[in-house]
Amino acid sequence: MILTTTATIEGKQIYEYKGIVFGEVITGINFIKDFAAGLRDFFGGRSGSYEKELMDARQHALAELQDRAASLGADGVVGIDFDYEVLGGNNSMLMVTASGTAVRFA
């Protein structure tokens with residue numbers, strides 16, 4: 001399956017639009033990661049634990065989007081966009097959404 005953020009793919013012709021598909025992931029950040037990130041925030045630098053959590057969530061959202069597109073009979077998803085939200089009373093949840101248009105190529 002071809003996944004892309006662009007609306008078209010060079011050398012491929014879209015002949016059927018199957019619809020909009022989404023992949024959503026909501027993940028919690030645990031106390032240890034919050035504590036380590038707080039130290040990074042105070043002393044400066046990058047938070048490796050948060051970055052890994054974000055990368056994992058993005059990959060899971062993309063995999064879910066791909067599965068949903070496949071279930072529609074698509075062989076690609078074009079125009080993929082990612083959205084990120086922080087949820088929860090103390091902002092301890094991360095939501096990553098991937099969305100795009102499922103298509104079939106000629």
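**Reading strands, cores and salt bridges in a predicted model**

Me: Strands E2 and E4 run antiparallel and are joined by 13 bridges. How should I follow such a pairing down to single residues, and which residue in E4 is the bridge partner of Ile26?

Reply: Please keep in mind that this is a predicted model. A pairing is read one bridge at a time, by taking a residue on one strand and finding its partner on the other strand. Here, Ile26 has Met95 of E4 as its bridge partner.

Me: Which strand, running antiparallel, is joined to E4 by 10 bridges?

Reply: That strand is E3. One position to inspect is Asp81, which stands opposite Ser99 in E4. E4 is thus bridged to E2 and also to E3.

Me: How many residues lie between E3 and E4 in their hairpin, and which residue in the turn has a positive phi?

Reply: The hairpin has 5 residues between its two strands, and Gly88, in the turn, has a positive phi of about 95°.

Me: How does one check that residues far apart along the chain meet in space? For instance, what separates the C-alpha atoms of Met93 and Thr27?

Reply: One compares the separation along the chain with the separation in space. Met93 and Thr27 are 66 residues apart along the chain, and their C-alpha atoms are separated by 5.6 Å. Met93 is found in strand E4. With neighbours within four places in sequence left aside, Met93 contacts Ile26, Thr27 and Gly28, and also Glu85, Val86 and Leu87.

Me: Is Met93 buried, partly exposed or exposed?

Reply: A residue counts as buried under 20% relative accessible area and as exposed over 50%. Met93 has 31% relative accessibility, so it counts as partly exposed.

Me: How is a nonpolar core read, and which residues have the most contacts inside the largest one?

Reply: One looks for buried nonpolar residues whose side chains are joined to one another. The largest core here has 14 residues, and Val21, Leu65, Ala69 and Val77 have the most contacts inside it. At least two of its residues come from each of E2 (14-28), H2, E3 (76-87) and E4 (93-105). Helix H2 gives the largest share, 5 residues. Another core, of 5 residues, lies apart from this one; Ile9, Val78, Val103 and Phe105 are among its members.

Me: Which residues, beyond those within four places in sequence, are in contact with Ala69?

Reply: Ala69 touches Met1, Val21, Ala74, Val77 and Ala102.

Me: How should I read the salt bridges, and how many does the structure hold?

Reply: A pair qualifies when a side-chain nitrogen of Lys or Arg lies within 4 Å of a carboxyl oxygen of Asp or Glu. The structure holds 5 salt bridges. In one of them, the closest N and O atoms of Glu16 and Lys18 are 3.2 Å apart. Glu16 is partly exposed at 29% relative accessibility, and Lys18 is also partly exposed at 29%.

Me: Why can Lys52 and Asp56 be described as about one helical turn apart?

Reply: They are 4 residues apart in helix H2 (residues 48-71), which means a separation of about one helical turn. Their side chains meet in a salt bridge at 2.8 Å, N to O. Lys52 is partly exposed at 47%, as is Asp56 at 32%.

Me: Which residues are linked in a network of salt bridges?

Reply: Glu24, Glu64 and Arg68 are linked in this way. The Arg68 and Glu64 side chains meet at 2.9 Å, N to O, and these two residues of H2 are 4 positions apart, or about one helical turn. Arg68 is partly exposed at 36%, and Glu64 is partly exposed at 24%.

How values were computed
Residues are numbered from 1 along each chain as its sequence is written. This is a predicted model: local features need pLDDT of at least 70, side-chain atom pairs count only at pLDDT 80 or more; totals for chains, interfaces and linings use all residues. Side-chain values use heavy atoms; hydrogens and water are left out. Buried means under 20% relative accessible area, exposed over 50%, partly exposed in between (1.4 Å probe, protein chains only). A nonpolar core is a set of buried Ala, Val, Leu, Ile, Met, Phe, Trp, Tyr and Cys residues joined through side-chain atoms within 4.5 Å. Contact means heavy atoms within 4.5 Å.
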